[in-house]
Amino acid sequence: MVKMHTARDGARHTVPARPRRGLRDLAYDPTTRGIVLQVLLVLALLALGAEIVSNALTNLEKQNIASGFGFLERTAGFDISQTLIDYANTSSYGRAFWVGLLNTLLVAGLGILISTVIGFVIGMARLSSNWLIARLAGVYVEILRNIPPLLMLFAIYFAVLKSLPLPRDSLTLPLSSYLNVRGLTIPKPIWLDGIGIVVAALVASVIAALALKGWAARRRAATGHGFPAVGIGLALVAAAPAIAWVMTGFPVAFDMPQMGRFNVTGGLTLLPEFVALLVGLSLYTAAFIAEIVRAGIAGVAKGQKEAAAALGLSRRQAMRLVVVPQAMRIIIPPLTNQYLNLTKNSSLAVAIGYPDLVHVFAGTVLNQTSQAIEVIAITMAVYLLLSVVTSLLMNWFNARMALVER
Amino acid sequence: MKSILTTGLAAIVLAAVTAGPVLAQGTLQKVKDRGQLVCGVNTGIAGFSAPDDKGNWSGLDVDLCRAVAAAIFKDPAKVKFVPLTAKERFTALQSGEIDVLSRNTTWTMSRDTSAGMNFAGINYYDGQGFMVNKALGVKSAKELSGASICVQTGTTTELNVADYFRQQGMTYKPVVIEKLPETLAAYNAGRCDVFTSDASQLYATRLTLGSPADHIVLPEVISKEPLGPAVRQGDAQWGNIVRWVLFALINAEEFAITQENVDKMKDSTNPEVKRLLGSEGDFGKGVGLDSDWAYQAIKAVGNYGESFERNVGQGSRLKISRGQNALWRDGGLQYAPPIR
Ligand SMILES: N[C@@H](CCC(=O)N[C@@H](CS)C(=O)NCC(=O)O)C(=O)O
């Protein structure tokens, strides 16, 4: 290790006193050797890779299994129960890929949000001085961590199905909404001309409110005068879009749910498969997050709490202002893992019929096209990308927390 | 991230190298060396392939595997059954995990060409149908517009239903689930109005529902589903074995050779029977087997008609009539080329 350092330094700055190096010295020079070996290794890997690819292609051809990515443009021919973008069975396999991906993102994104909230609540509850609350939180964690997530999904899915009424006995909710075994159907907003103005007003007012808050903080730092920035900001954010809303003449219409022969038609339906998957993933992951939160809080030195108490902070204030910010540093890295786990576990969707990426693309599309290698490669690349992006975001967040706190 | 990369690499390496040996050595030789035929079957459709409580498999598709094993080993027990869902089955065959896929699989052009498989014949002529709860009062598939439909993923069923509703100008809401038990449970819980599948499978699955009499199969048959065994492409000899074992069972029915009388029939004077049972000519050689290959197959499972009646026909709970699956001379479609 040490030797390498000196050698590397020697190679970098040409020291005049050193005699000229011959070919032999070069061969024994660790830097050169390192480079040569690495180049050879990369070449060998490339050759191996090329061999694998060409071997796979030959084998596929011999077995007469189609290859290439042309299939993405062919007609899919199957239907999907939940589509966030326009899709029909006449759309392409490529379109089906996007539908599946968006469904994965939807359930993973919401799952991350919900599991974080539940996880933090349970994690803090475990540390509560109230014996009952701490115990209940402990029981939650122990039970949920020890159930295989797939079993849990089945349990939730069929519990949801068994407890809801058949369509003809639908529960009628306010706003012409219906709840039955096929899901919750609510009026579907249809945005009309002018909605852009309302959105623009909302965005502009949010920016203005933030700017106001910044200005108030600076003024307070400089002069010590307070300013009710939060109140005024909130009023602004509420008023501006509302005025735009009225002035553009309420640019929204509703597609109202209606009782049909078999199903509620029209409206926007929240499918039981989606709800079951979301709830299952969130509850399951929350148990792990709770443990991480508990460990993080327990990991903050006791002296910190005592010091906060000595300063006259209440327990609540000590928690919020002193302990949690420091605990976050311990919490965030393992939290990232849980987010990645949740995203990957969302592929259990196929078992209960939620049309996520694995169900639609690595399932139906793979099966209909038989192009396993291409489909699996794309699917893996997507999950890899999702993982990398999640990690990067969390690293950024971690760095911010660390800086703010020190 | 590293682990995803390595697993990915491993998967591709596996795909690249496993396909090799499969082709290098003939399947027959591989099966003989192993001492066992590995047959991909359904995870459980009564009459086609289902294990009993002791793990013994039976069914029409299972019989075909046993017949092939008997033709090769003179022992119908030398089969290992690998239960596969609709989604898993093709990968299992392509990767060499199984030797034959005998799992109510529809012969379609893309499967027979660009999926690396070849179909060896048709052991059941089927078509897709719809099952609904009687309480809905539906009498025809044409009334199904707006219905929720449960279907298993990875099937032709999934595509046919989309085609049918588009053609009829009707809408529907799909509920697509990976495995059959959960699909049926969803149907049973009222998650969908309709369960759709090949008609034979509707009859079989209806028996597993709480009260079968509450469900009816609608009269419309919306597709052609010729079901049959498939093998990997590129091994003609192996394909010939599976195809001719099936033909042997169908021909046996035509010549009234049964499991019971097959020994006596060896002394028949009918030249066609003699050729089939190997007492004249050596047709086994052509498929790389002994001359008693067909005798062994028939001895093991009986002729096609016997296998049909025992598994899905009058001798079974399904009570499916021969219909299209009767011999050609009885007005059906089952027709095997002559052995000559
Ligand atoms: N014949 C159709 C459908 C065959 C099929 O898989 N049917 C399902 C629905 S009943 C089945 O047998 N499932 C049982 C299983 O997955 O083991 C095909 O080849 O795609």
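A pocket here is an open set of grid points with protein on both sides within 12 Å along at least five of seven lines, and its lining residues have an atom within 4 Å of a point. The model is predicted. By that definition, 41 residues line the largest pocket. Three topics follow: the pocket, a four-stranded sheet of chain A, and the nonpolar cores.

**Largest pocket**

- Its space comes to about 1,200 Å³.
- Ser81(A), Gln82(A), Thr83(A), Gly267(A) and Thr269(A) are the lining residues nearest the pocket centre.
- Both chains contribute to the lining. From chain A, helix H4 (93-126), strand S3 (183-186), strand S7 (264-265) and S8 each supply at least two residues.
- From chain B, helix H6 (156-167) and strand S10 (172-177) also supply at least two residues each.
- S10(B) gives the largest share of the lining, with four residues.

**Four-stranded sheet of chain A**

- The sheet is open, and its strand order is S1-S2-S3-S8 (chain A). Pairing is antiparallel.
- Strands S1 (171-173) and S8 (268-270) of chain A each have a single partner strand, so one side of each lacks a neighbour in the sheet.
- On average, neighbouring strands are turned by 20 degrees against each other, direction ignored.
- S8(A) belongs both to this sheet and to the elements that supply the pocket lining. S3(A) also sits in the sheet and supplies lining residues.

**Strand pairs and hairpins**

- S1(A) and S2(A), the latter covering residues 177-180, run antiparallel and are joined by three bridges.
- Within this pair, Leu173(A) has Ser177(A) as its bridge partner, while Thr172(A) has Tyr178(A).
- Three residues lie between the strands in the hairpin of S1(A) and S2(A). In that hairpin, Leu175(A) takes a positive phi near 60 degrees.
- S2(A) also pairs with S3(A), antiparallel and over three bridges. Leu179(A) has Leu184(A) as its bridge partner in S3(A).
- Two residues form the connection in the hairpin from S2(A) to S3(A).

**Nonpolar cores**

- The largest nonpolar core has 121 residues. Tyr157(A), Leu37(B), Trp238(B), Ile257(B), Leu276(B) and Leu277(B) touch the most other members.
- Helix H9 (residues 272-298) of chain A gives the most to this core, namely 13 residues.
- Another core lies apart from it and has 22 residues, including Ile80(A), Tyr93(A), Ala96(A) and Val365(A).
- Leaving out residues up to four places away in sequence, Leu37(B) touches, among others, Val31(B), Cys65(B), Phe73(B), Lys78(B), Asp99(B) and Trp238(B).

Technical notes: Residues numbered from 1 in each chain as written. Chains lettered and ligands numbered in written order. Predicted model: local features only at pLDDT ≥ 70, side-chain atom pairs only at ≥ 80, totals over all residues. Heavy atoms only, no water. Pairing = 2+ DSSP bridges. Axes fitted to C-alpha atoms, helices over the stretch in contact; angles between N-to-C directions. Core = buried A, V, L, I, M, F, W, Y, C linked by side-chain atoms within 4.5 Å. Buried < 20%, exposed > 50% of the residue type's maximum accessible area, 1.4 Å probe, protein only. Contact = heavy atoms within 4.5 Å. 1 Å grid on protein atoms, 1.4 Å probe; cavity = no way out; pocket = protein on both sides within 12 Å on 5 of 7 lines; lining within 4 Å. Points joined across faces, edges and corners; volume = space filled by probe spheres on them.
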